[in-house]
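Hi,

Here is the structure I promised to send over. Have a look at it first, and then read on for what turned up when I went through it.

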Amino acid sequence: MKTPQDNLIKSKELNQQITELKRKKNQLQNETKRRASWEQRKLRTKRLIETGALAEKYFGLEEFTLEQREKIFKTFSEFVKGKIKNVKQ
């Protein structure tokens with residue numbers, strides 16, 4: 001037969017297990033968030049590289065400075081945005 005002391009010990013052990021499981025759950029959730037964030041950054045980086053490669057291919061921007069490239073993109077941005085809206089519709 002269990003004594004109140006045994007019940008108290010068992011209760012403390014269960015509380016410790018619960019605390020440890022909560023800590024592990026939080027760690028897993030954080031790791032999942034980090035992995036998802038890393039995957040998003042990886043996809044964004046790939047997209048940016050591909051877009052930059054296409055810009056260089058079609059506009060020959062290799063010799064331009066960042067400021068010059070930005071000026072070119074600003075010049076055509078409204079035109080391109082308008083065309084994108086038409087394509088999506």
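A quick definition before anything else: a salt bridge here is a side-chain nitrogen of Lys or Arg within 4 Å of a carboxyl oxygen of Asp or Glu. Please also keep in mind that this is a predicted model.

With that cut-off, Lys81 and Glu78 make a salt bridge, as their closest N and O atoms are 3.9 Å apart. Both residues belong to helix H2, where three residues, or about one turn of the helix, lie between one position and the other. As for cover, Lys81 is partly exposed with a relative accessible area of 45%, while Glu78 counts as exposed at 58% relative accessibility.

Helix H2 has another pair of this kind. The side chains of Glu70 and Lys74 meet in a salt bridge at 4.0 Å, N to O. These two are four residues apart in helix H2, so about one helical turn separates Glu70 from Lys74. Glu70 counts as partly exposed, at 42% relative accessibility, and Lys74 as exposed, at 59%.

Over in helix H1, Glu31 and Arg34 are three residues apart, again about one helical turn. Their side chains form a salt bridge of 2.9 Å, N to O. Glu31 is partly exposed, with 29% relative accessibility. This pair is also part of something wider: Glu31, Arg34 and Arg35 are linked in a network of salt bridges. How many salt bridges does the structure hold in total? The count is six. In general terms, side chains of opposite charge can pair when their charged atoms come close.

Now the overall fold. The protein has two helices and zero strands. Its radius of gyration is 28 Å, well over the 12 Å that the globule rule gives for 89 residues, so the protein is more spread out than a compact globule. Along the principal axes, the C-alpha atoms fill a box of roughly 85 × 35 × 20 Å. Of the 89 residues, 2% count as buried. The exposed area of the protein comes to about 8800 Å², with carbon and sulfur atoms supplying 58% of it.

What about pockets? Rolling a probe the size of a water molecule over the atoms shows where empty space is left. The largest pocket holds about 440 Å³ of space. Its lining is made up of 19 residues, and those nearest the centre of the pocket are Thr51, Gly52, Ala55, Phe59 and Phe73. Helix H1 (4–59) and helix H2 (66–88) each supply at least two residues of that lining. By type, the lining residues divide into eleven nonpolar, three polar and five charged.

Phe59 is worth a look while you have the pocket on screen. This residue lies in helix H1 and is among those nearest the centre of the largest pocket. Is Phe59 buried, partly exposed or exposed? At 49% relative accessibility, Phe59 counts as partly exposed, since the exposed class begins over 50%. Phe59 and Arg69 are ten residues apart in sequence, and their C-alpha atoms are 9.7 Å apart in space.

That is what I have for now.

Cheers

How values were computed:
Residues numbered from 1 in each chain as written. Predicted model: local features only at pLDDT ≥ 70, side-chain atom pairs only at ≥ 80, totals over all residues. Heavy atoms only, no water. 1 Å grid on protein atoms, 1.4 Å probe; cavity = no way out; pocket = protein on both sides within 12 Å on 5 of 7 lines; lining within 4 Å. Points joined across faces, edges and corners; volume = space filled by probe spheres on them. Nonpolar A, V, L, I, M, F, W, Y, C, P; charged D, E, K, R; others polar. Rg over C-alpha atoms; globule rule 2.2 N^0.38 Å. Buried < 20%, exposed > 50% of the residue type's maximum accessible area, 1.4 Å probe, protein only. Areas by Shrake-Rupley, 256 points an atom, 1.4 Å probe, with all protein chains shown as cover.
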